[in-house]
Every structure is written in C-alpha cells, then in structure tokens.
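Please open the model in your viewer and keep the selection tool at hand, because each stop on this tour begins with something to select.

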Amino acid sequence: MAAYEDIVNLALRRSLFYPASEIYANAPAGMYDYGPFGAAIRRKIADQWRKHLVQKENFLEIDGALIMPEDVFKASGHLTNFNDPVTQCKKCNTIHRADKLLEETTKKPYKEAMPVQELTQGLREHNLKCPKCKGELMDVKQFNMMVKADVGVGQKASCYLRPESCQTIFTNWDRLVKTMRVKLPKGVSQIGKVFRNEISPRQTLIRQVEFNQSESEVFFDPQEVNTIEHWEEVKDYKLRIQKADSNKTEDITADKLVKDKLVSGKLIAYYLARTQQLFEKLGIPVQNMRFRQLDDTERAFYAKEAYDFEVQTSLGWMELAANNYRTDYDLKGHANISKKDLNHTREDGSKFIPHIWEISIGFDRAFYAILEHSYNKQKERTWLSLPPTLAPIMAGIFPLLSNKPELVKKAEEVFAELQDCYDVQYDATGSIGKRYARMDEIGVPWCITIDFDSIKNEDVTIRARDSTAQKRIKIKDLRDTLYQLITGKISL
Ligand SMILES: [Zn+2]
C-alpha cells in the first residue's frame, strides 16, 4: 500500500488530479480537476458501479438537475439539520471546525453530532486557541453547509446546489412509479456532482467542497423487508462487519446478519453484500474493508440503521460508502411539503409510504483508495496494478523505432485495427523502456510492440504490466487475445 504523498506526487506528475483553477493564486481550496487519465479511471469506476449495482439489480438510473428549490431542502431536513459545528477566532476571524480542532488536539473522539454547548465546554476545558494566531475562540455554533444558488434576474427563486444526489430520486419517485411500471422493491440510482460548504477542506480528494457521489435508493414495503430476489446468491457470502460495541472486524454471513438481528431484514443484508462485492471487483482486498455499524451518536439524522463501508488506507480507515436505512423519512417529508400523495396501496387495500435503503458512494474517495491499493514501487519501477476494467487505456501500441517507416506503418495499422474495440494509445516517443514506464505508471495492463520480425511474421510482442512477462502473438489474433486477457480467461 502506498503512502498519501506517493499518490499525490503521482497524481501531479501524470495529471491524474490537481487543484482546480490552479493558475490563479486566489482559487478557493477544496476543489480538484481530473486530468485525462484520472478522469478516465474515475469514469471506469463509475462504469463498474453501473454494471454491477445498477444494471444487475435492475435499478433505474436518472440524471437530474444540480440546482433545486429551497422547498426540497425544507422537506429533506437539510436546512435545519445539515450543519457543521464551527468556532471563529476573535482576532483573525478564521473559522474552524470545532469537533475536528478538538479531536486533533486532544485525540479524544469529539463528534460533529455533539451539542454545541458540549463542544464549547471542550474548547474551554482544554484552553484551545486559534491554531493560526493563538487568538481567543468564540462559542461553538452551527453552520449550514448548503451552497446557495439563487436563480433568475428580477424575482430570484431561492435555490441551492444539491448537497447529495438522492433528493432528485425522491422528487422523481411519483413520476417513475406512474411511468416506469415500478414494482417494489425497486432501486433508483443517480451519479453526479454534489456540493457542501466544507469548513476545512483538506487531504486533496478526501474532503472537498465539490465532489462526485452515487446514490441508490431502494424503495420497499416495510412489511416485506425479508423478501428479496436472488437471496440465495448472497446467503452464505461473508461480510466484514464491525459491530457498534466492538473494535474488531468479524466475518459474518448475510444469513447470520439477519438471524442475529444486526440488520432489519434480508433486503438490507442482501444490499450490504452487493456493496462489498462491488468493491472487491474494484480491486480492494477484502481483508482491508469493513462495514462499521454506527451507534446512536453517529447516525445521520434520518437513519434508523447505518453501516459505513470503510477501507484501510495510509490515512487510516476511510469511509467510501454510507449505507442507511432511511425508513419513510424522505417520502413523508416530501409528501408534507409538496402536498402530493406519495402513498402506495397493498393488494389488501392498506396504504403505506415506502421505506428506503440507501447505498451512497463517494467516487473521489473510492478513486483515491483504489490508487493506494494498486500502487507498486520496486527500485526505479512504479506501476498501478489496476484491474483491466479500470485502466485508463487498455494497451499501448509502439513501433520499436520511430524513425523506421516500415515499423511506423505496421504499428499504425495495428492501432487502427484495435481502436475500434479497445481504448488503445499509440506512442512512438522515447526509448521502449521509457514508453513502458509511462504506461506502467498510469496502470495500462498491456503494451504491444511492433519490431522487424513483425513485418516478416505478422506478429507482435505483448508485455504484461504486473509481471513484465512478454509473449509473441499473431496480429490477426490480437483482438481475441486482448478480450481473453481482459476477461481473465488467460494470462501472459
Ligand atoms: Zn486566529
């Protein structure tokens, strides 16, 4: 596993990600741009999410507006509850996150959900001063993290940038039920940008103002929480669980999770299993992951039951996904404020508001954690052992020498042939060793070299990133060989 600095250095060297608007010295902190290879890797992580969670589970995927009216956030509770506790310096006016400041200086578990009085008391007891100028700190107060985005010229409509992607799903639900032949349980997903006025953005992609999130909301009848299709497929699958009252991770089967009442029903155990399986496919070793059961003091204001999916990194355990049993909190709230009837009717005529299980994934953090877990360094060689499905480019294609027209011509032919089916990149600059190194560093799994024998024999050398093993393959078989390599049917 890599150190944080290794990843940031690699990211800057190869433009995977870097500070947004970096040519301007006054650009605000907490925003990052992704360069070509970084954007490609993140897009492919999203593709795997779409394939394994959205499509295989028959969820509906929507793509909603980023700006939403104030009423949405009245209904969701964000205007009153989406707060961070802050304290301001009386001398230099800098605003600090009170809980973080306390936690970092006292090493005690101060939480954002603690009452402001308790946090103020903590500041006074430990006699904390402004870390910047040693000035006096004010009493702790709540700061709302929503980013305002009023729309219109004359009479402005009061709007906000969405702080999470799920609210669109709730406002769309009624329409989807009426037009998409929805039968419960049913998942609806959305992926995209969300915005939070983070007081102390830090650690590059880990705590940002603007970030990428996917949310899947599974709507179900609370009386049917034990009914889920394909239960047999996960029943004996072992989940990595850390119970709220424990500090160690246990392997517990989905079935036992239900029997021991660690979750409310099979539907929840099923989706916890599917979430863990997704991260396995993304290349995170299972021994480095866990679901941490949250206790009453840690759960979000809307959650009855919650498990944070965390992955071990050089920065400690990092939360990549929040899994929440939101009950009927959301639809009830939206029904109240919008005055729409969001009830469902059972076969026996009884009415209910659907309950919701939520799987909320932070894609920038997932991207970061995947980089750490795929980073390798041996002497002068650095490579990312990304699963082929996440590689920004599937193969590099090189003429051995760039000043030999016959090699260049052949290499261009091979490139044109493969470009139709795979993300391939042609590279004729520098020595072969340098070209391999460039591809290794961004996780390209295979490199194909065209040399003088290629002209005589219609074959090429293919080299594997992780083992550096090489093999000669006929040009006519390349497409099929690559397919078999990507799907893991063969290896070099
Ligand atoms: Zn100060």
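Begin by selecting I370, which touches I45, L282, G283, I284 and L390 when residues up to four places away in sequence are left out; touching here means that two C-beta atoms, placed from the backbone, lie within 7 Å. Residues are numbered from 1 along each chain as its sequence is written. The model is predicted, and local features need pLDDT of at least 70, side-chain atom pairs count only at pLDDT 80 or more, while totals for chains, interfaces and linings use all residues.

Next, add A269, A366, F367, A395 and V414 to your selection, since together with I45 and I370 they touch the most other members of the largest nonpolar core, which has 93 residues. Such a core is a set of buried Ala, Val, Leu, Ile, Met, Phe, Trp, Tyr and Cys residues joined through C-beta atoms within 7 Å.

Now go to K339, which has a positive phi of about 65° although it is not a glycine. Is K339 buried or exposed? K339 is exposed, because 7 other C-beta atoms lie within 10 Å, where 12 or fewer count as exposed, 20 or more as buried, and anything in between as partly exposed, with C-beta atoms placed from the backbone.

Then select T327, another residue other than glycine with a positive phi, near 50°; T327 counts as partly exposed because it has 19 C-beta neighbours inside 10 Å.

Finish at the peptide bond from L184 to P185, which is cis, with omega near -5°.
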